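Subject: Structure handover

Hello,

Here is the structure you will be taking over. My notes on what was found in it follow below.

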Amino acid sequence: MDFGIAGRWAVVCASSQGLGRGCAEALAAQGVNLVVNARDEARLAATAQELREAAPGIEVREVAGDVSQPDVRERLLGAAPAVDILVNNAGGPPTGDFREWDEAEWTDALGRNMLAPIELIKATADGMADRGFGRIVNITSSAVKAPIAALGLSNGARSGLTGFVAGIARQPQLAGRNVTINNLLPGRFDTARIAATLEPEAEASGRSLEEVRAEYAAGIPAGRFGTPEEFGAACAFLCSGQAGYITGQNLLIDGGAYPGTF
Ligand SMILES: NC(=O)c1ccc[n+]([C@@H]2O[C@H](COP(=O)([O-])OP(=O)(O)OC[C@H]3O[C@@H](n4cnc5c(N)ncnc54)[C@H](OP(=O)(O)O)[C@@H]3O)[C@@H](O)[C@H]2O)c1
């Protein structure tokens with residue numbers, strides 16, 4: 001299916017690997033020009049080169065740096081002639097016990113997973129509305145719908161972003177001018193992040209990471225973790241011309257793990 005977005009420009013935050021990279025690849029396959037980002041410059045450069053080789057017709061620009069930093073966000077936005085598509089993403093906060101988190105840890109989590117997306121939305125949404133096209137996708141977590149106790153920093157920061165998005169996505173100045181804002185909620189996906197999240201559990205229980213992974217996979221109705229490619233495909237659809245009537249939604253992609261009707 002042609003998504004009708006070839007030639008548009010997308011800023012895809014935190015996209016040198018994992019889910020962000022899956023989104024960048026799927027958008028590139030639709031002919032979308034990309035600004036990609038991550039902190040590790042070498043890995044980002046390698047990813048950008050692979051994206052160029054996979055989709056020779058598009059332009060790929062790199063901006064290295066932490067998306068929670070205002071100067072990095074400024075460079076990200078400045079790298080595209082106009083931002084038509086924004087994919088908000090950043091690494092997730094560490095797991096732990098809420099009794100151990102101090103204000104600095106909360107400030108970090110809120111900066112990366114709530115305030116950075118809000119600032120980028122603020123900087124791009126009205127321009128998108130003026131041009132009559134805009135797609136914003138925030139990568140959040142299934143933990144917004146079904147909180148995970150050890151991920152309290154994530155549950156809190158992402159729920160704040162979700163509440164913010166629910167309000168602004170429905171503003172006629174945006175929804176009425178073909179600007180949509182949606183959240184994608186990953187369940188368990190096969191990325192470096194999931195391995196890092198499961199490692200402490202493997203260590204604590206004296207099992208291998210593979211055993212713990214297999215146990216989690218068995219508990220998902222699909223019987224497996226998702227792939228960044230599957231995640232990216234959903235993102236690209238939300239960014240398509242065809243998805244213009246979908247806004248303010250939270251799309252759970254979890255292989256059926258969440259047991260509720262809604
Ligand atoms: N994978 C899952 O199953 C799952 C489930 C629920 C939620 N999530 C959430 O989805 C998001 C993506 O997860 P993932 O699994 O794709 O993680 P990942 O495989 O670890 O990839 C994270 C990517 O983000 C970049 N990054 C991290 N922090 C950044 C920052 N502050 N500024 C700019 N770039 C940054 C990383 O590169 P650098 O390290 O070089 O910066 C890397 O490219 C995370 O917030 C995660 O918590 C993932």
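A polar contact is a pair of N or O atoms within 3.5 Å. By that cut-off R158 makes one with the ligand: a polar side-chain atom of R158 lies 2.8 Å from an oxygen atom of the ligand. Please keep in mind that this is a predicted model.

The ligand site

Two backbone atoms also come close to the ligand in this way. A backbone N or O atom of F189 is 2.7 Å from a ligand oxygen atom, and a backbone N or O atom of G91 is 3.0 Å from a ligand nitrogen atom. On its own the ligand would expose 890 Å², of which the protein buries 92%.

Around the ligand there are 30 residues, and S16, L19, R39, A90 and T191 are the closest. Sorted by class, this shell holds 12 polar, 10 nonpolar and eight charged residues. The elements giving two or more residues to the shell are α1, β2 and α7 (192-205). Of these, α7 supplies the largest share, three residues.

The nonpolar cores

In soluble globular proteins, nonpolar side chains tend to be buried together. Here the largest nonpolar core has 35 residues, and the members that touch the most others are L27, L34 and I85. Two or more residues come from each of β1 (9-12), α1 (18-29), β2 (33-38), α2 (41-54), β3 (60-64), β4 (85-88), β5 (134-139) and α9 (228-238). The largest share, six residues, is from α1.

What does L27 touch, leaving aside its neighbours within four places in sequence? The residues in contact with L27 are I5, A10, V12, V32, L34, I85, V87, A236 and C239.

There is also a second, separate core of 29 residues, with V67, A90, A169 and V179 among its members. A90 thus appears in two places in these notes: in the second core and among the residues closest to the ligand.

A129

One residue in helix α4 (residues 103-131) is worth a separate entry: A129. Is A129 buried or exposed? A129 counts as buried because its relative accessible area is 4%, where the cut-off for buried is under 20%. Apart from neighbours within four places in sequence, A129 is in contact with Q173, L174, R177 and V179; of these, V179 belongs to the second core. The C-alpha atoms of A129 and G176 are 8.4 Å apart, although 47 residues separate the two along the chain.

Regards

Note on methods
Residues are numbered from 1 along each chain as its sequence is written. This is a predicted model: local features need pLDDT of at least 70, side-chain atom pairs count only at pLDDT 80 or more; totals for chains, interfaces and linings use all residues. Side-chain values use heavy atoms; hydrogens and water are left out. A nonpolar core is a set of buried Ala, Val, Leu, Ile, Met, Phe, Trp, Tyr and Cys residues joined through side-chain atoms within 4.5 Å. Buried means under 20% relative accessible area, exposed over 50%, partly exposed in between (1.4 Å probe, protein chains only). Helices (H or I, at least four residues) and strands (E, at least two) are DSSP runs, numbered from the N terminus. Contact means heavy atoms within 4.5 Å. A residue is near a molecule or strand if one of its heavy atoms lies within 4 Å of it. A polar contact is a pair of N or O atoms within 3.5 Å; within protein, one must be able to donate a hydrogen and the other to accept it, and residues adjacent in sequence count only if both atoms are side-chain atoms. Accessible areas come from the Shrake-Rupley method with a 1.4 Å probe; for residues, only the protein chains shown count as cover. Ala, Val, Leu, Ile, Met, Phe, Trp, Tyr, Cys and Pro count as nonpolar, Asp, Glu, Lys and Arg as charged, and the others, Gly among them, as polar.
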